[in-house]
Amino acid sequence: MSVTCGTAATHAPVNVELAPLGLLVVQPTPFCNIDCSYCYLSHRSDKSRMDVATVKAIARFLRGMPLREPQLSVVWHAGEPLTAPTEFYETAFAALQSKAAPTLFTHHFQTNGMLINDDWCELFKRWAVRIGVSIDGPKKIHDAYRVDRSNRGTYDRVMRGVAKLREHEIPFTVIGVLTRDALQAPDEFWHFFETLGATQVAFNVEEAEGTNGSSSLSGNDADQSFRAFLQRVARLRSANPGMRLREFDGMRGHLTAPPGSDVMRADNRPGAIINIDVVGNVTTFSPELLGVEDDRYGKFHWGNVHTDDWQAVVSNPGFQHAYSDILAGIEQCRDTCAYFSVCGGGNPSNKLGELRTFAGAETQYCRLHVQAFADIVIDELEHEIGIG
Ligand code: SF4
């Protein structure tokens, strides 16, 4: 689907190539029961909750959008999803799967794990919900950043939630945020995840974005210790190659793809990810843009599921301004970066967080989360074929 819009006041109309929708991010509530020191969410004390009329309006909004796969993944996130009660999800899941829905949905929760109990496990099983738990490694490392509103570490409560998942034999993945503390302890960090029982581990790097204006990994000296950390993890993982590590496995897939198959990122293509906040406001691109207000771009709300359709979203001058700069940023990446074919031009929210604009290229996030991983996996591949 291609749409040309001419409503932007100061920018030439941008031809919008709508990517097939692969991920829907829904904010059931902005509220989070904890207060991680690196959190980027600005409204995490707001206890409002999505109502059923908004859930039904989401189903209507999606009609007519091209889908990447027959079943659409919905991540309930951007606040701690388990702070809404199980009854909310029983109603919301049924409402989303109403007659207006254009597809079947697979539900996902990315949770801090602290509230998981038997009732939640029953709901997870009843609706085949896929669970991702956020945990940052051993207690000392985790508790330095992931704290509650009284500044107490949350490790013990998260591990009780993980134990519940294991008791109910519910598969789960984990995301661990790499901070400067984690880099000092690769062996401890890796062995923790190796024995946790997750089906996949993902490493995020602490990012400077949203309300987290600077990262413990900002600064040139982080690059070297980050690479040393990854090299050690790669060595440790070679003894247990069955352990799935999202960044290594994904990068290996990109590096061994046939020539010409450049990465197409979902978070810089309109429509590939749709993000909807608690009152039905719609944005696309990086989910981290939900709730952000920026001096240059304003709010990233370009429509509302109660009143607008996709055509209205892409006609919004704010969307046009953002998208034209995102495209300019991708072109800068293509022209200047040797890693473009395995990156696809970057995550708009990281560019905004570090460069204050979408129309830019390299960030610290690039150097760590893309370039360092790529170089380590290239070393691994060369070693495997005997040239490293
Ligand atoms: S690594 Fe950074 S500079 Fe390179 S293509 Fe990706 S976003 Fe652009």
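The residues around the ligand in this predicted model are Cys333, Cys337, Tyr339, Phe340, Cys343, Gly345, Gly346, Ala361, Glu362, Cys366, Val370 and Gln371. Two elements, helix H12 (340-343) and helix H14 (364-384), give two or more residues each to this shell, and H14 gives the most, with three residues. The points below begin with the ligand, turn to the helices that pack together, and end with the confidence of the prediction.

**The shell around the ligand**

- When the residues of the shell around the ligand are sorted by class, eight are nonpolar, three are polar and one is charged.

**Helix H8 against helix H14**

- Helix H14, which gives three residues to the shell around the ligand, also packs with helix H8 (residues 221-237), at an angle of about 40 degrees and with the two axes 10 Å apart.
- Because of that angle, H8 counts as oblique to H14, and the crossing in which H8 passes H14 is right-handed.
- On the H8 side the residues that meet H14 are Asp223, Phe226, Arg227, Leu230, Gln231 and Ala234, while on the H14 side they are Arg367, Leu368, Ala372, Phe373, Ile376 and Glu380.
- Sorted by class, the contact of H8 with H14 has seven nonpolar residues, one polar residue and four charged residues.

**Helix H9 against helix H14**

- Helix H9 (residues 246-255) packs with H14 at an angle of about 70 degrees, and the axes of these two helices lie 9 Å apart.
- An angle of that value makes H9 roughly perpendicular to H14, and the crossing of H9 and H14 is right-handed.
- In this contact, Glu247, Phe248, Met251, Arg252 and Leu255 of H9 meet Phe373, Ala374, Val377, Ile378 and Leu381 of H14.
- The residues of the contact of H9 with H14 comprise eight that are nonpolar and two that are charged, with no polar residues.
- Phe373 of H14 takes part in the contact with H8 and also in the contact with H9.

**Helix H1 against helix H2**

- The axes of helix H1 (residues 52-62) and helix H2 (residues 86-96) come within 8 Å and cross at roughly 30 degrees.
- Since angles under 35 degrees count as roughly parallel, H1 is roughly parallel to H2, and the crossing of H1 and H2 is right-handed.
- H1 brings Val52, Val55, Lys56, Ile58 and Ala59 to the contact, and H2 brings Thr91, Ala92, Ala95 and Leu96.
- By class, the contact of H1 with H2 is made of seven nonpolar residues, one polar residue and one charged residue.

**Confidence of the prediction**

- Over the protein chain the mean pLDDT is 89, and 94% of the residues reach 70 or more.
- Among the elements of the chain, helix H3 (residues 118-126) has the highest mean pLDDT, 98, whereas strand S1 (residues 2-4) has the lowest, 48.
- Over residues 2-9 the pLDDT stays under 50, and for this stretch the model has 24 contacts beyond four places in sequence.

Key: Residues are numbered from 1 along each chain as its sequence is written. This is a predicted model: local features need pLDDT of at least 70, side-chain atom pairs count only at pLDDT 80 or more; totals for chains, interfaces and linings use all residues. Axes are lines fitted to C-alpha atoms, for helices over the stretch in contact, and angles run from 0 to 180 degrees between N-to-C directions. Helices (H or I, at least four residues) and strands (E, at least two) are DSSP runs, numbered from the N terminus. Angles under 35 degrees count as roughly parallel, over 145 as roughly antiparallel, 65 to 115 as roughly perpendicular and the rest as oblique. A crossing is left-handed if the near helix is turned anticlockwise from the far one by less than a right angle, and right-handed if clockwise. Two residues are in contact if their C-beta atoms, placed from the backbone, lie within 7 Å. Ala, Val, Leu, Ile, Met, Phe, Trp, Tyr, Cys and Pro count as nonpolar, Asp, Glu, Lys and Arg as charged, and the others, Gly among them, as polar. pLDDT is the predictor's confidence in each residue, from 0 to 100. A residue is near a molecule or strand if its C-beta atom, placed from the backbone, lies within 6 Å of it.
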